[in-house]
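Work through these short exercises with the sequence and the 3D view side by side. Try each task before you read its solution.

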Amino acid sequence: MRDTGTGEVLERMIVPAMQRGGYDAATQVDIGTRPGGGRHRVDAVARREGRSILVSLKWQQVPGTAEQKVPFEVICLGEAMRSGSYDGAYLVLGGPGWKLREFFTGGGLSGHLVDAGAVRIVSLESFIALANQGRL
């Protein structure tokens, strides 16, 4: 179970968009072990036409520590994709408190992390549009 209400609200926003785009969506999916140990649970896995797409949501209401978690989540999602079980991954940034949103969504991590190119970092609005259109 989640310990925050914002995560549940985000899930309730993205699941209908994914379903409208023709995806089956499972939420709170355990996808294995994180690098360094511990279980890795993603907010959703979207499935359609034999493809499985990981979706991780981060909400930043006010400036804070969520920005520090973004690089590690990219590492974890990239590792899961290298396992061969997943065809893509999205890290969705929602909320008004992001100081580094443009840096992250503009590919700023690509010069720093091996898997930055494999994980698409997008705003909540961009993700909803892609999901609605079946373009994940």
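**Exercise 1. In which strand does Gln-28 lie, and what is unusual about its phi?**

Solution.
- Step 1: Place the residue. Gln-28 lies in strand E1, residues 24–33. The model is a predicted one.
- Step 2: Recall the background. Most residues other than glycine have a negative phi.
- Step 3: Compare. Gln-28 is not a glycine, yet its phi is positive, about 50°.
- Step 4: Check its cover. Gln-28 has 25% relative accessibility, so it counts as partly exposed. Partly exposed means between the cut-offs of 20% and 50%.

**Exercise 2. Where is Glu-49 found, and is it buried or exposed?**

Solution.
- Step 1: Find the neighbouring elements. Glu-49 sits in the loop between strand E2 (39–48) and strand E3 (51–59).
- Step 2: Look at the backbone. Glu-49 is not a glycine but has a positive phi of about 50°.
- Step 3: Apply the cut-off. Exposed means over 50% relative accessible area. Glu-49 has 71%, so it is exposed.

**Exercise 3. Which residues of helix H4 are buried, and how are they arranged around its axis?**

Solution.
- Step 1: List them. Helix H4 covers residues 124–132, and its buried residues are Leu-124, Phe-127, Ile-128, Leu-130 and Ala-131.
- Step 2: Look down the axis. The buried residues of H4 fall within an arc of 165°, so they line one face of the helix.
- Step 3: Link this to helix geometry. An α-helix has 3.6 residues a turn, so residues three or four places apart point the same way.
- Step 4: Move past the helix. Gly-134 follows H4 and has a positive phi, near 70°.

**Exercise 4. How far apart are Pro-16 and Gly-134 in sequence and in space?**

Solution.
- Step 1: Locate Pro-16. It belongs to helix H1, residues 5–20.
- Step 2: Give both distances. Pro-16 and Gly-134 are 118 residues apart in sequence, and their C-alpha atoms are 12 Å apart in space.
- Step 3: Add the exposure. Pro-16 has 42% relative accessibility, so it counts as partly exposed.

**Exercise 5. What order do the elements follow, and what does the radius of gyration agree with?**

Solution.
- Step 1: Count. The chain has four helices and five strands.
- Step 2: Read from the N terminus. The order is α-β-β-β-α-β-α-β-α.
- Step 3: Test the size. A compact globule of 136 residues would have a radius of gyration near 14 Å, and the chain has 14 Å, which agrees.
- Step 4: Add the burial. Of the 136 residues, 48% count as buried.

Methods
Residues are numbered from 1 along each chain as its sequence is written. This is a predicted model: local features need pLDDT of at least 70, side-chain atom pairs count only at pLDDT 80 or more; totals for chains, interfaces and linings use all residues. Side-chain values use heavy atoms; hydrogens and water are left out. Helices (H or I, at least four residues) and strands (E, at least two) are DSSP runs, numbered from the N terminus. Buried means under 20% relative accessible area, exposed over 50%, partly exposed in between (1.4 Å probe, protein chains only). The arc is that of the directions from the helix axis to the C-beta atoms. The radius of gyration is taken over C-alpha atoms; the globule rule is 2.2 Å times the number of residues to the power 0.38.
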